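Thanks, everyone; I would like to take a few minutes to walk through one model with you, going from its internal voids to a helix and then to a single side chain. Please have the viewer open while I talk.

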Amino acid sequence: MLKSVKKIHLILIVLGTIYITASIFHTNLWFDETFSVSLASHSFSEIWSITANDVHPPLYYWMLRVLYLIFGTNILVYRIFSMLGIALFASLGYTHIRKDLGEKAGLAFSFLAFFLPIMCIYANEIRMYSWTMVFVTLAFIYAYRILKTSTNRNWCLFTLFSLASAYTHYYGLLAVGIINVVLFVTLCLAKQIKQIKIFLIAASIQILLYLPWLIILLKQMDDLKKGFWVELIFPKTLIQIMSFQFGGDLATASVIHTNIAFMIAIVLYLYIGCRIWKMKKSNEKKWAVWAIGLYLAVIAFAFILSLKTPILFARYLFTITGLFIFALSYILAKEEKKSIVILIAGIMIALSVYNNLALIKANYAASNMKQIDYLAEEIQPNDIIVYSNIGIGSVIATHFTDHEQYFYNVDNWDAVGAFKAYAPQMTTVADLSFLNDYQGRIWLIDSENFDFYNSAFKNDAYSFKSSEIFLTAYQNYRYNLILIVR
């Protein structure tokens, strides 16, 4: 029986990996992904300095840099790398959770790693979220193992994954910060003097190795006080936070889809609360409580910080999803009513398949690359490109690295240092005076209603030649490619 469960588990990991891979073979990009792709082409030291002007730590971009050195700029490789983060995370159910909490919990963990509805979406993203989730979950697991069996190996791995989390995403830093505090308090309450001394050494190593970036973090926090794009809008923010794990892409999910996910989330959270309340006391129950407690603590702490500067955003919760899955896996493993387990599994599969089919339809739509193909065919070697929308402009900058182009920062975004990721092909400018001495063809990347063209180029200095509008299914981006001559 034991061998058959192991075989089923391994088959699940193989099939689950194939499942989350189904929608990733495309070269479409949206703004955040272009930043990752472009930054990977810079040196390790440049990544450090450019990222210092952004709102994320550098480790993920360094990982992409390694891929760049091996494969060059390869969007498919970068996307597969994100998928492999999810696959590795799912394999923890077999390599770690199964050994710590039992076969059923390990199987449930791997199942949720593939079929929690949000997972297939972030297997696609060329961003740091999947790998932060891996690091945070491993830090939690090794904190758990330290309290069961304190070994040098467990302490070293706990320290390593805590640092990796902190250097990959600030929600990762927040999560492992809380995990470290909980671990320390637990050791103090248990009066484990020897382990407390080891903890202090491990904590000192973490602080010492994070200190170089901590200085930059303090500067970034000061910059955030001037304003950040995240907004707290109630009840919208609350609905997104609660439904995130079960809904679709925040940018494209319908209101109906989000509301259904919200209702399912409420029922599932109530179920988790009731099951924890009814469980008999056990060490594993304690850790299930702590896992969900840490998950909620990160959200609560982010909310408190957001009262000063909003940083609470549903997408960032993906970095701590492993804590949620850890708790739910144990609860499902202890559920005596198979009908409830089947019902929850069925709902997860249904929502996940819906998301994945929507992804496949959007990601492989024929319209997605038409604007790139059109511009590649029409652009001439000495043409320049100008845009005032960095969202669509960044996509052009990433695909057309051999053409001189300019981002007109008309809204005065305080991110000029971060936009150096798109150098050398893109230069950020505060006005259009660079065109005063220019003679030749200019491609404007504009909106459908010609806002940029009408406001700055509809005058005698420029002659209009052509315009083509493109709508993409991927992220619902809209491009108007206008050719003018000065």
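What volume does the largest cavity have? Bearing in mind that this is a predicted model, the answer is about 70 Å³ for the largest cavity, and the structure holds three cavities of 30 Å³ or more. If you would like to find the largest one on your screens, its lining includes Asn-28, Leu-29, Asn-368, Met-369 and His-399, along with Tyr-474, Tyr-477 and Tyr-479. By residue class, that lining divides into six nonpolar and five polar residues, with no charged ones.

Let me turn now to helix H6, which runs over residues 103–115 and, from its first C-alpha to its last, reaches 18 Å, close to the 18 Å expected for its 13 residues at 1.5 Å a residue. Because 11 of those 13 residues are buried, H6 is largely enclosed by the rest of the structure. Among the buried ones are Glu-103, Gly-106 and Ser-110, as well as Phe-109, Phe-111, Phe-114 and Phe-115.

Leu-112, also one of the buried residues of H6, brings me to my last stop, since I would like to look at one of its partners. Leu-332, which is found in helix H15, residues 321–334, touches Leu-112, and it also touches Tyr-271, Val-341 and Ile-344, if we leave out residues up to four places away in sequence. Is Leu-332 buried or exposed? With a relative accessible area of 11%, Leu-332 is buried, because the cut-off for that label is under 20%. Finally, Leu-332 and Ile-272 are 60 residues apart in sequence, while their C-alpha atoms are 9.2 Å apart in space.

Technical notes: Residues are numbered from 1 along each chain as its sequence is written. This is a predicted model: local features need pLDDT of at least 70, side-chain atom pairs count only at pLDDT 80 or more; totals for chains, interfaces and linings use all residues. Side-chain values use heavy atoms; hydrogens and water are left out. Helices (H or I, at least four residues) and strands (E, at least two) are DSSP runs, numbered from the N terminus. Buried means under 20% relative accessible area, exposed over 50%, partly exposed in between (1.4 Å probe, protein chains only). Contact means heavy atoms within 4.5 Å. The expected span of a helix is 1.5 Å times one less than its number of residues. On a 1 Å grid over the protein atoms alone, a cavity is a set of points where a 1.4 Å probe fits but cannot get out, and a pocket is an open set with protein on both sides within 12 Å along at least five of seven lines; lining residues have an atom within 4 Å of a point. Grid points are joined across faces, edges and corners, and a volume is the space filled by probe spheres set on the points. Ala, Val, Leu, Ile, Met, Phe, Trp, Tyr, Cys and Pro count as nonpolar, Asp, Glu, Lys and Arg as charged, and the others, Gly among them, as polar.
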